[in-house]
Amino acid sequence: MKWKRKRIRAIRAGVEDTFGHRISYLRISVTDRCNERCAYCMPGELREWLPREEVLSFEEIGRVVGVAAALGVRKVRVTGGEPLTRREIPRLFEMLAEIPGIEEIGVSTNGTLLGQGTNGVTMARALRARGVRSVNISLDTLDRADYAAVTGRDYLPRVREGIDAAQAAGFESIRLNAVLVRGRSEKTILPLLDFALERRLLLRFIELMPVSDRDVLSEENFFPVRAAMRRIEEEHGALMPEPGFRTNGPASYYQVAGRDQRVGFIGAMTDFHFCESCDKLRLTCDGKLRPCLGSHLEFDLRGPLRDGATDGDLREIFRGVVARKPKEHDFRGAYEPGRRMVAIGG
Ligand code: SAM
Ligand code: SF4
């Protein structure tokens with residue numbers, strides 16, 4: 001009885017790291033494959049994809065999420081690579097929705113497949129029907145040629161279709177994410193802001209992070225969120241901070257003056273408070289648990305999973321990873337890109 005009470009307390013509290021971050025969020029990469037080629041995510045010569053047997057099966061992912069949920073994880077977000085390229089992906093969401101303790105399921109996607117479907121059922125509808133509550137859609141530009149230049153694919157019409165399908169499917173939250181890149185963002189910020197208002201979508205601007213090759217993240221490419229804010233303020237007047245508004249992440253939100261519109265900024269490189277409220281771990285598609293996107297620390301779960309580890313063993317590994325979570329990311333320090341974003345899961 002005593003142990004039971006103790007366990008229930010642990011579940012309510014979630015596992016805390018040494019800096020008081022309470023881990024309640026797991027971001028899961030389900031594939032390193034993608035149908036686009038964004039330069040900041042997988043630049044240069046494309047190497048081989050991971051062999052299929054190195055990627056966790058849905059059952060293995062489900063087991064990890066079960067263990068995480070027993071330790072206090074409540075929210076999961078499925079990402080990649082492009083998660084919707086993975087075969088039978090709706091089945092994974094069905095499994096995740098069944099795991100006791102998991103209260104919120106989201107997906108991050110480039111949007112190209114949300115409007116595609118079979119038998120008149122779009123992927124967006126299939127996901128919604130399986131319990132997905134929120135969808136983050138990446139969209140850096142509304143200009144078709146520019147979109148093709150950013151992503152290496154002429155898929156803007158498909159993304160627009162995907163956004164329509166997501167809105168028709170009735171998700172609780174649909175957010176647009178735009179990565180800021182100097183030389184492009186100057187022209188795209190205001191049209192994206194207008195589009196988000198027109199479609200009643202929450203738009204966030206993300207600072208480029210050095211998760212890919214160094215030559216892509218050069219000083220010339222970097223466009224800080226402050227500059228994006230200035231661009232909006234030149235047009236619309238002062239942005240009004242909304243410190244009370246938060247989503248599941250480190251974005252800071254502001255009201256656009258004279259509009260019924262909120263806009264978010266994710267300043268991983270320039271916001272020195274960025275890591276303070278981090279409650280996240282990441283599971284890579286090949287089964288490594290990472291305590292932080294901006295640190296090379298990662299711990300293997302796939303080996304133990306396939307070698308017959310018990311749930312107790314997996315819980316111990318999970319606790320150990322939480323205990324090694326750094327105070328903050330190392331992007332401003334000696335961090336050198338190792339794995340590409342596409343392999344970790346953004
Ligand atoms: N394929 C999906 C997508 O594009 O949304 C999910 C995976 S993607 C890696 C997740 C997010 O990471 C996207 O919003 C993408 O724009 C962002 N991202 C990729 N590389 C980045 C980088 N170097 N810096 C900042 N954000 C990046
Ligand atoms: Fe693919 Fe998303 Fe990376 Fe672009 S950002 S290459 S869509 S995984």
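Let's start with one residue: Arg91 is partly exposed, its relative accessible area coming to 33%. Keep in mind as you look around that this is a predicted model. Arg91 has a partner, because its side chain meets that of Glu88 in a salt bridge, at 3.2 Å from N to O, and Glu88 also counts as partly exposed, at 46% relative accessibility. The pair isn't on its own, either: Glu59, Glu88 and Arg91 are linked in a network of salt bridges.

What makes such pairs possible? Side chains of opposite charge can pair when their charged atoms come close. A search of the whole structure turns up 19 salt bridges, and a couple more of them deserve a stop on this tour.

Take Asp164 and Arg199, whose side chains meet in a salt bridge at 2.5 Å, N to O. Asp164 sits in helix 6 (residues 156–169) and Arg199 in helix 7 (residues 185–199), so this pair ties together parts that are 35 residues apart in sequence. As for how open the acidic partner is, Asp164 is partly exposed, with a relative accessible area of 39%.

Next, look at Lys288 and Asp300. These two form a salt bridge as well, with their closest N and O atoms 3.5 Å apart. Here the connection runs between strands: Lys288 belongs to strand 15 (residues 288–290) and Asp300 to strand 16 (residues 299–300), so the pair ties together parts that are 12 residues apart in sequence. Is each partner buried or partly exposed? Lys288 counts as buried, at 17% relative accessibility, because the cut-off for buried is under 20%. Asp300, at 33%, counts as partly exposed.

Now for the empty spaces. How many cavities of 30 Å³ or more does a search of the whole structure find? There are 2 of them. The largest cavity has a volume of about 50 Å³, and its lining is made up of Tyr25, Lys75, Val76, Arg77, Glu104, Ile105, Gly106, Ser134 and Asn248. Strand 4 (75–79) and strand 5 (104–109) are the elements that give two or more residues to that lining. By class, the lining is evenly mixed, with 3 nonpolar, 3 polar and 3 charged residues.

The second largest cavity, at about 30 Å³, has another kind of wall. Val64, Val67, Leu301, Leu314 and Phe318 line it, which gives 5 nonpolar residues, no polar and no charged. Helix 2 (58–70) and helix 10 (311–323) each supply at least two residues of this lining.

Pockets come next. The second largest pocket has a volume of about 390 Å³. Its lining takes in 16 residues, and those nearest its centre are Val30, Arg52, Val55, Arg86 and Arg87. What classes do the lining residues of this pocket fall into? They divide into 5 nonpolar, 3 polar and 8 charged.

The last stop is ligand 2. Find it in the model and you'll see 8 residues surrounding it, the closest being Cys34, Cys38, Cys41, Gly81 and Asn110. Sorted by class, the shell around ligand 2 holds 5 nonpolar residues, 2 polar and 1 charged.

Methods
Residues numbered from 1 in each chain as written. Chains lettered and ligands numbered in written order. Predicted model: local features only at pLDDT ≥ 70, side-chain atom pairs only at ≥ 80, totals over all residues. Heavy atoms only, no water. Near = heavy atom within 4 Å. Nonpolar A, V, L, I, M, F, W, Y, C, P; charged D, E, K, R; others polar. 1 Å grid on protein atoms, 1.4 Å probe; cavity = no way out; pocket = protein on both sides within 12 Å on 5 of 7 lines; lining within 4 Å. Points joined across faces, edges and corners; volume = space filled by probe spheres on them. Helix = DSSP H or I, 4+ residues; strand = E, 2+ residues; numbered from the N terminus. Salt bridge = Lys/Arg side-chain N within 4 Å of Asp/Glu carboxyl O. Buried < 20%, exposed > 50% of the residue type's maximum accessible area, 1.4 Å probe, protein only.
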